[in-house]
Amino acid sequence: MSPKNIIFKKTCKDKSVGVFMGKRDFVDRVDSVDPVDGVVLVDPEALAGRKVFVTLCCTFRYGRDDMDVMGMAFRRELYLSTRQVYPPLQDREKGVHTKVQAKLLRKLGNNAYPFFFEFPDNLPCSVALQPAPNDVGKQCAVEFEIKAFSAESQDAKVRKRSTVKLMLRKVQYAPDSQGVPPSVETTKDFVMSDKPLHVKVTLDKELYYHGETINVHVNITNNSNKNIKNIVLSVDQVATVVLYSNDSYVKCVDFEDSGDSVSAGATLQKVYKLLPLLANNRERRGIALDGKLKHEDTNLASSSIVREGVLKEVLGIMVSYKVMVKLIIGGMMGSSEVGLEVPFKLMHPKPEAVKESEMEDELVFQEFKRSYLKGIIGAGDDDDEEGNVSGGDDMGPKEK
């Protein structure tokens with residue numbers, strides 16, 4: 001059976017403007033990003049002479065909207081681009097960039113108009129920091145949305161009843177090829193010891209998928225006269241918030257206290273297993289998560305991959321991971337530590353591409369209502385204003 005050709009549909013409360021899009025996930029391939037395209041359906045009578053605009057916005061929210069200090073809101077627009085779609089500024093057919101747009105225009109009729117946006121290079125992917133269980137309001141997050149509205153001009157006051165918003169996601173998937181398996185080693189000399197301690201930590205690969213076990217190969221040659229009392233391993237998530245300054249937040253997302261010891265003059269070769277999962281960290285505030293839509297679940301944030309030369313320009317939240325191995329060394333003056341950090345990537349595999357020729361010709365319209373979005377991360381801007389509920393079947397074709 002061919003995959004369904006699903007169209008996401010949402011209409012503002014006064015039914016003057018409706019938005020139709022073929023997808024809400026847009027893939028960042030490092031060297032290019034999927035463009036954002038869709039169709040706006042207008043009701044000329046309901047518009048009463050007003051124009052229609054479409055905006056693509058990337059917002060970095062680092063506090064609730066009601067937490068204004070000295071008149072400054074805790075949010076910043078990282079990117080904002082606006083297009084006028086009605087009355088059209090160019091021939092309607094020239095604004096068509098995809099087959100989905102062409103199908104929608106044929107289906108919706110003469111009052112439908114296409115829109116098209118391209119992402120700049122310096123935008124992060126959709127990421128949110130997990131709130132504490134008792135936190136209320138909107139959490140710290142990088143969010144994308146498409147907003148369509150009618151107004152007398154682009155800068156005129158916009159009525160909530162004449163505005164419709166759709167949350168989008170900018171996502172990255174694992175590259176096709178694996179890098180070199182990461183490996184770190186160190187040699188530690190001690191006072192009053194003729195020979196050193198040598199430690200080597202290796203992972204079996206550079207990139208892991210969410211839910212995949214990480215095998216940590218630890219090789220210890222303890223030629224010193226010190227005893228290793230314990231070996232502690234962890235997976236640390238590093239979320240770097242880049243806005244006015246670079247602040248990094250390190251959160252342990254998996255931990256193993258092995259209890260293994262290595263006496264003076266002995267060796268150890270062992271493989272430890274770590275499994276970082278959101279399921280084991282749901283109560284912990286500040287852990288970075290992948291952005292999500294609707295009522296679906298999410299996971300730990302994927303590693304951020306940025307094209308070389310663009311890193312310094314990226315704002316928002318950048319995520320990386322590392323395995324930490326700590327050796328607790330006993331001594332007469334107390335314990336000391338020897339630590340090693342091994343970086344790796346944690347991502348989703350690339351889904352199988354569906355060819356347009358394999359899709360069903362019939363368009364299946366999926367409407368968005370507030371009941372879909374209650375109480376989920378990333379739902380805030382879809383649910384915060386009157387008039388974002390779909391107007392039902394009064395606008396656009398009815399589903400069969």
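The protein exposes about 20100 Å², and carbon and sulfur atoms supply 49% of that area. The model is a predicted one. Buried residues account for 47% of the 400 residues in the protein. The secondary structure consists of 3 helices and 21 strands. Among contacts with a separation of 6 or more, 69% are between residues 24 or more positions apart.

The interior comes next. In soluble globular proteins, nonpolar side chains tend to be buried together. Here the largest nonpolar core has 73 residues. The members that touch the most other members are Val36, Phe115, Ile146, Val216, Ile220, Ile317 and Val323. Strand E19, residues 316–329, supplies the largest share of this core, with 7 residues. Val323 has a list of contacts beyond its neighbours within four places in sequence, including Leu203, Ile214, Val216, Val235 and Leu274. Further along the sequence, Val323 is also in contact with Leu340, Glu341, Val342 and Phe344. Ser234 is another of its contacts. A second core, separate from this one, has 11 residues, among them Ile7, Leu108, Leu363 and Phe365.

Aromatic rings can be followed in the same way. A pair of aromatic rings is described by the distance of the centres and the angle of the planes. The protein has 7 aromatic pairs. In one of them, Phe53 and Phe149, the ring centres are 5.5 Å apart and the planes are at 25 degrees, so this pair counts as stacked; the cut-off for stacking is under 30 degrees. Phe53 belongs to strand E5 (residues 51–61) and Phe149 to strand E9 (residues 141–151), so the pair ties together parts that are 96 residues apart in sequence. Both rings belong to buried residues: Phe53 has a relative accessible area of 3%, and Phe149 has one of 4%. Ring pairs also join Phe26, Phe119 and Phe144 into a cluster.

A polar residue in a loop completes the tour. Ser193 sits in the loop between strand E11 (183–188) and strand E12 (197–203). Is Ser193 buried or exposed? Its relative accessible area is 14%, so Ser193 is buried, the limit being under 20%. The side chain of Ser193 reaches two backbone atoms: the oxygen of Lys195 at 2.9 Å and the nitrogen of Asn225 at 3.2 Å. Leaving out residues up to four places away in sequence, Ser193 touches Ser224 and Asn225. Asn225 therefore appears both as a polar partner of the Ser193 side chain and as a residue that Ser193 touches.

Terms used. Residues are numbered from 1 along each chain as its sequence is written. This is a predicted model: local features need pLDDT of at least 70, side-chain atom pairs count only at pLDDT 80 or more; totals for chains, interfaces and linings use all residues. Side-chain values use heavy atoms; hydrogens and water are left out. Rings of Phe, Tyr and Trp (its six-membered ring) pair if their centres lie within 6.5 Å; planes under 30 degrees apart count as stacked, over 60 as edge-to-face and the rest as tilted. Helices (H or I, at least four residues) and strands (E, at least two) are DSSP runs, numbered from the N terminus. Buried means under 20% relative accessible area, exposed over 50%, partly exposed in between (1.4 Å probe, protein chains only). Contact means heavy atoms within 4.5 Å. Accessible areas come from the Shrake-Rupley method with a 1.4 Å probe; for residues, only the protein chains shown count as cover. A nonpolar core is a set of buried Ala, Val, Leu, Ile, Met, Phe, Trp, Tyr and Cys residues joined through side-chain atoms within 4.5 Å. A polar contact is a pair of N or O atoms within 3.5 Å; within protein, one must be able to donate a hydrogen and the other to accept it, and residues adjacent in sequence count only if both atoms are side-chain atoms.
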